[in-house]
Amino acid sequence: MKIPLTPIRFLRYAREQFPDKVGVVCGEQRFTYAQFAERAARLAGALIATGARPGDRVAFLSTNCHRLLEAYYGVLEAGCILVPLNIRLSAQELAFVVNDAQARFLFVESAFLPLVESFLTAVPSVETFFLLDGQPQANWLEPNNYDDVLSTFPPFQCDFTQIDEDSVAELFYTSGSSDRPKGVVLTHRNVYLHALSVIAAGQTSASTLGEMSCKSAWLHTIPLFHANGWGIAHIMTQVGGTHVMIHQFNPVEVFRLIQQERVSSCALVPTMATALVNSSARAKYDLSSLRVISIGGAASSPTLVKQVEEKLGCTCISGYGLTETCPTLAKSPMKSELPVDGEQRYARQAMTGFAIPGVELRVISADGQDVPHDGTVMGEVVARGDVVMEGYWRQEEATAAAMEGGWFHTGDVAIVDQYNYLQIVDRKKEIIVSGGENISSLEVEKVLLAHPDVYEAVVIPVPHEKWGEIPKALVTLKPGSQAGEHDLLEFCRSRLSHYKCPRSVEFLESMPKTGTGKVLKRELRQKYGTALKSTVP
């Protein structure tokens, strides 16, 4: 028997096995899995009644909310393609994405109405605008809001045995750090097998056993439109766990929800984890329910992993993935044959990790050969597996380039050790080349972050007459700290080869960040990546 692989089956399963269990907590609202499934089916019915056709793109501009979570199933039930939009994009960027996707429907949260109104005439493909919350006032909005629409139309559930599992389920856009955003095509099969692979990965070591189960409560600290956030929409539903929504990251609100909802797991980017471990409010809350925190989106450090475990009282591991891979490719729990105590454990759990089930990872040299598994030689990470995208939306040349040789080329540079743990050292385009030597900015940043006075650190290249380019450190200090440039430079020189050490340190009040708290290195390079005023040896 062959049944199509589609995430629609996850909510059907949860509704059948856990109908009366609370599946979603969103503010003061709580929905059982039976109610969750009913609302998703009503969304499908409303889309079809409004004229949606199979393959239509349906865009959502929303913070984390039960309505956006419902879209991950209701849009697919209607035979359409979900396009979650990044709320941090500018009006011009959003218009580009909506036009590139040719979305026919756009659901918008009231907070973003002025933003949408500013590019209204620039998105001719959108025929209907739905308001997710509040009462529609503008004449360009559908007269009834989301909940009124759901109550108007009967639920619809497709015959999922007729779905083509290789058809498009979700369309996510890359951040466009170096060029225009590209639409990443994820199929029903991609999404389904990604969820099962991550669930299986949760059983790879004692430290993460039980991370994903019907007893789990997951706090959605990462936006659902972001690569580190959307996979949980499927994973937690499949196991019958509880989705706990938070509209915006705020340490006090995170602590409150962990205590109130007995949250067991969440995902963080390093800046979020740093904010939590340094928050003075932490001691006021009961965080004993926490089992596992996964750090991803940017490189972590052994210091941060140790702080999370000591101050938040749970296991902390790292994860790695991309928009193009659904997103998870690797996790860093301890393998059973490795030492589980001391600083070595923190160092390994801060690594990129090893491939999850269903994924193959290689680190290759410029000629396509595998680099030695010695933890020293750098190469590009390439991936193959069920989670890798179908391709880029309407971009055949970009797809062919990314999939050269039957492997997805990530653009990330890494080393790999004898136990097959990878460690990302930088983006391929961001390696600092000084006097012919390759320097990993991430390696230097981890050393800086180990200094007790450093809150955040970024290392960028600056031009140099003799060496071509050299490392420069940009640092924010913890409140009340007095460390100076000389202190940090000496700290690095005692732990790194001289050529890797920053030649200067600039202190900042704060770092520019994305909506998920990821530091915007590109902005920092543009602003601070100029030549040093004085010649340094």
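**Notebook: pockets, sheets and cavities**

I began with the second largest pocket and asked which elements build its wall: α12 (343–349), β20 (422–427), β22 (437–439) and α14 (441–449) each supply at least two residues of the lining. I noted that this is a predicted model, and I read every value below as computed from it.

Still on the second largest pocket, I found that α14 gives the most to the lining, with four residues. I took down a volume of about 640 Å³ for this pocket. I then looked for its centre, and of the 26 lining residues the closest to that point are G375, I415, Q423, E443 and K446. Sorting the lining by class gave me 16 nonpolar, six polar and four charged residues.

I stepped back to the whole chain, where I counted 16 helices and 25 strands. The C-alpha atoms fill a box of roughly 70 × 50 × 50 Å along the principal axes. I also checked the radius of gyration: a compact globule of 537 residues would have a value near 24 Å, and the protein chain has 23 Å, so the two agree.

Next I traced the open sheet of nine strands, which has mixed pairing and which I wrote down in the order β2-β1-β10-β9-β11-β12-β13-β14-β15. Its edges are β2 (29–32) and β15 (354–355), and because each has a single partner strand, one side of each is left without a neighbour in the sheet. I saw that helix α10 (residues 270–277) packs on this sheet, touching β11 (265–268) and β12 (292–295), with a direction that makes about 115° with that of β11. Towards the end of the strand order I looked up β13 (residues 315–321) and β14 (residues 328–331), which run antiparallel and are joined by three bridges. Within that pair, I found Y320 opposite A330 in β14.

I then turned to the open sheet of three strands, ordered β23-β24-β25 and again with mixed pairing. Here β23 (454–464) and β25 (504–507) stand at the edges with a single partner strand each, so one side of each has no neighbour in the sheet. On average, neighbouring strands of this sheet are turned by 30° against each other, direction ignored. I checked the pairing of β24 (residues 468–477) with β25, which is parallel and held in four bridges, and I noted E506 in β25 as the bridge partner of L474. Helix α15 (residues 485–493) lies across β23, β24 and β25 and runs at about 130° to β25. Helix α16 (residues 521–528) also packs on the sheet and touches β23, β24 and β25, its direction making about 50° with that of β23.

Last, I searched the whole structure for cavities of 30 Å³ or more and found two. The largest cavity holds about 60 Å³ of space, and its lining consists of I8, L11, R12, R15, A37, A40, A41, Y73, E77 and Q157. I matched these residues to elements: α1 (8–17), α2 (33–49) and α3 (66–77) each supply at least two, and α1 gives the most, with four. By class, this lining divides into six nonpolar, one polar and three charged residues.

For the second largest cavity I recorded about 30 Å³ of space, lined by W218, L219, H220, T221, I222, N228, G229, I232 and A267. The elements that give two or more residues to this lining are β9 (217–220) and α8 (227–239). I counted five nonpolar, four polar and no charged residues in the lining of the second largest cavity.

Key. Residues numbered from 1 in each chain as written. Predicted model: local features only at pLDDT ≥ 70, side-chain atom pairs only at ≥ 80, totals over all residues. Heavy atoms only, no water. Pairing = 2+ DSSP bridges. Contact = heavy atoms within 4.5 Å. Axes fitted to C-alpha atoms, helices over the stretch in contact; angles between N-to-C directions. 1 Å grid on protein atoms, 1.4 Å probe; cavity = no way out; pocket = protein on both sides within 12 Å on 5 of 7 lines; lining within 4 Å. Points joined across faces, edges and corners; volume = space filled by probe spheres on them. Nonpolar A, V, L, I, M, F, W, Y, C, P; charged D, E, K, R; others polar. Rg over C-alpha atoms; globule rule 2.2 N^0.38 Å.
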